[in-house]
Amino acid sequence: MADTEVTTDVATDVATDVATAVTTAVTTAVVTGAARGIGRAIAARLVREGWRVVVNDVDASELATVAAEIGADAVPGDAASDAGVRALVDAATARLGRIDVFFANAGIGTLSGIEATDEEWARVLDVNLLAHVRAARALVPGWLERGSGRLVVTASAAGLLTMLGDAPYSVTKHGAVAFAEWLSATYRHRGIVVQAICPQGVATRMLEESGPLKTLLTRDPVVSADDVAEAVWQALQGDDFLVLPHPEVRDYAIARVTHPDAWLSGMNRMQQRLDLQGAPPASAPRHAPHDELPHTQPHTQPHTEDDIQHDDQQETP
Ligand SMILES: NC(=O)c1ccc[n+]([C@@H]2O[C@H](COP(=O)([O-])OP(=O)(O)OC[C@H]3O[C@@H](n4cnc5c(N)ncnc54)[C@H](O)[C@@H]3O)[C@@H](O)[C@H]2O)c1
């Protein structure tokens, strides 16, 4: 908490509180989307570290099983709608006394490009972005009064780069990173820590259900949900904004910003390969109603700098 330098006695107490927020024996947390995958792994890790944890998911029955298995408290429900977030925060506060860290982890994809319907856009915006806004709205005022609080959002490498085959996912994950950046820039001097987890492929059901994109999505090493939980645990020991379980994402993000057209050409070459493989995205006709669409996942970048360099060579005489 290097940024919380203060001078008054009261403020010193606040700084102490902030500094111990994630190191005391009993820290409290809420993890959304925790009935499986990354959310479950983060929650299990926190419980093993002695934290008191409320887990949330729309899948109430699986959530109850997971909560019993890992030793967490289950609060089922929709972590995306304003009413759902408020109900979750109220129930979790009643059970935990206070919420030190909120993990806005629930996320969905569409496997859709420009054909995504307004309803699909609205739902993905709700779950992948507005859920974070609503959680901040419910939590930040209390955290500011207390002088401490931490919001950890599970964004994606797609939030720094893009996700071929899923426009709503790419846009909303960029939005999630942007909102987290805004929160951090606005409140970090007042004891609020914000962190954004931006993984590429993680071996969860989301990856399994990414259909024809799976081959592409697994070009870079796929990590386990436990690997992500370990990266998150390490990140909780400090305040660094970006949590990158795949270190190569940093290089991709630098390449995107430094050479945008070369990066876009590399991405487009990958899309062309997908087109040859008959993958759906971009403007393919819908093949299943929304509820049957597999949840997709987030990353798809030029595998190495070769793609970018190749295009650099093409574009730079
Ligand atoms: N798996 C990957 O490769 C990968 C990579 C980068 C980022 N992510 C992100 O990680 C997060 C977790 O993904 P995962 O791979 O564990 O996926 P997953 O599909 O295995 O688990 C997601 C969980 O969220 C729950 N959920 C969905 N909408 C919800 C809502 N409105 N309220 C409460 N719970 C809800 C689902 O029921 C499910 O249990 C997501 O935000 C995802 O976008 C995943």
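Which way, right-handed or left-handed, does helix 2 pass helix 9? Helix 2 passes helix 9 in a right-handed crossing, and that pair gets a view of its own below. Keep in mind throughout that this is a predicted model.

**View 1. The whole protein chain, before zooming in on its 12 helices and 7 strands.** The chain runs to 317 residues, of which 48% count as buried. Take the contacts between residues at least 6 apart in sequence: 71% of them join residues at least 24 apart.

**View 2. Helix 2 against helix 9.** Here residues 37–48 (helix 2) meet residues 225–236 (helix 9), with axes that come within 8 Å and cross at roughly 50°. At that angle, helix 2 and helix 9 are oblique to each other. On the helix 2 side, the contact is made by Gly37, Ile38, Arg40, Ala41, Ile42 and Arg45. Helix 9 answers with Ala225, Asp226, Val228, Ala229, Val232 and Trp233. Sorted by class, the residues of this contact come out as 8 nonpolar, 1 polar and 3 charged.

**View 3. Val47, a residue of helix 2.** Buried, exposed or partly exposed: which label fits Val47? Val47 has 19 C-beta neighbours inside 10 Å, and a residue needs 20 or more to be buried, so Val47 counts as partly exposed. Leaving aside residues up to four places away in sequence, Val47 touches Val53, Ile70, Gly71 and Ala72. For one of these, Ala72, the C-alpha atom is separated from that of Val47 by 7.0 Å, with their positions 25 residues apart along the chain.

**View 4. The shell around the ligand.** Zoom in on the ligand and you'll find 31 residues surrounding it. The closest are Gly33, Gly37, Ala106, Gly107 and Thr204. Two elements give two or more residues to this shell, namely helix 2 and helix 7 (205–208). As for its make-up, the shell has 13 nonpolar, 13 polar and 5 charged residues. Gly37 also turns up in View 2, as part of the contact between helix 2 and helix 9.

**View 5. Helix 5 alongside helix 6.** The axes of helix 5 and helix 6 (residues 167–187) come within 8 Å and cross at roughly 15°. That makes helix 5 roughly parallel to helix 6, because angles under 35 degrees count that way. The crossing of this pair is right-handed. From helix 5, the contact draws on Glu120, Trp121, Val124, Leu125, Asn128, Leu129, His132, Val133, Ala136 and Val140. From helix 6 come Pro168, Tyr169, Thr172, Lys173, Gly175, Ala176, Phe179, Leu183 and Tyr187. Count them by class and you get 13 nonpolar, 4 polar and 2 charged residues.

**View 6. Leu125, in helix 5 (residues 118–146).** Leu125 is one of the helix 5 residues in the contact with helix 6. How many other C-beta atoms lie within 10 Å of Leu125? There are 17, so Leu125 is partly exposed. Not counting residues up to four places away in sequence, Leu125 touches Leu130 and Thr172, and Thr172 belongs to the helix 6 side of the contact in View 5. The C-alpha atoms of Leu125 and Ile108 are separated by 9.5 Å, and these two residues sit 17 residues apart along the chain.

**View 7. Helix 4 meets helix 5.** Helix 4 (residues 82–96) and helix 5 have axes that come within 9 Å and cross at roughly 45°. This angle makes helix 4 oblique to helix 5. Helix 4 passes helix 5 in a right-handed crossing. Asp82, Val85, Arg86 and Val89 are the helix 4 residues involved, and they meet Ala131, Arg134, Ala135, Ala138 and Leu139 in helix 5. By class this contact has 6 nonpolar residues, no polar ones and 3 charged.

**View 8. Leu111, in the loop between strand 4 (101–104) and helix 5.** What is the backbone oddity here? Leu111 has a positive phi of about 55° although it is not a glycine. Leu111 has 28 C-beta neighbours inside 10 Å and therefore counts as buried.

Note on methods. Residues are numbered from 1 along each chain as its sequence is written. This is a predicted model: local features need pLDDT of at least 70, side-chain atom pairs count only at pLDDT 80 or more; totals for chains, interfaces and linings use all residues. A residue is buried if 20 or more other C-beta atoms lie within 10 Å of its own, exposed if 12 or fewer, and partly exposed in between; C-beta atoms are placed from the backbone. Two residues are in contact if their C-beta atoms, placed from the backbone, lie within 7 Å. Axes are lines fitted to C-alpha atoms, for helices over the stretch in contact, and angles run from 0 to 180 degrees between N-to-C directions. Angles under 35 degrees count as roughly parallel, over 145 as roughly antiparallel, 65 to 115 as roughly perpendicular and the rest as oblique. A crossing is left-handed if the near helix is turned anticlockwise from the far one by less than a right angle, and right-handed if clockwise. Ala, Val, Leu, Ile, Met, Phe, Trp, Tyr, Cys and Pro count as nonpolar, Asp, Glu, Lys and Arg as charged, and the others, Gly among them, as polar. A residue is near a molecule or strand if its C-beta atom, placed from the backbone, lies within 6 Å of it.
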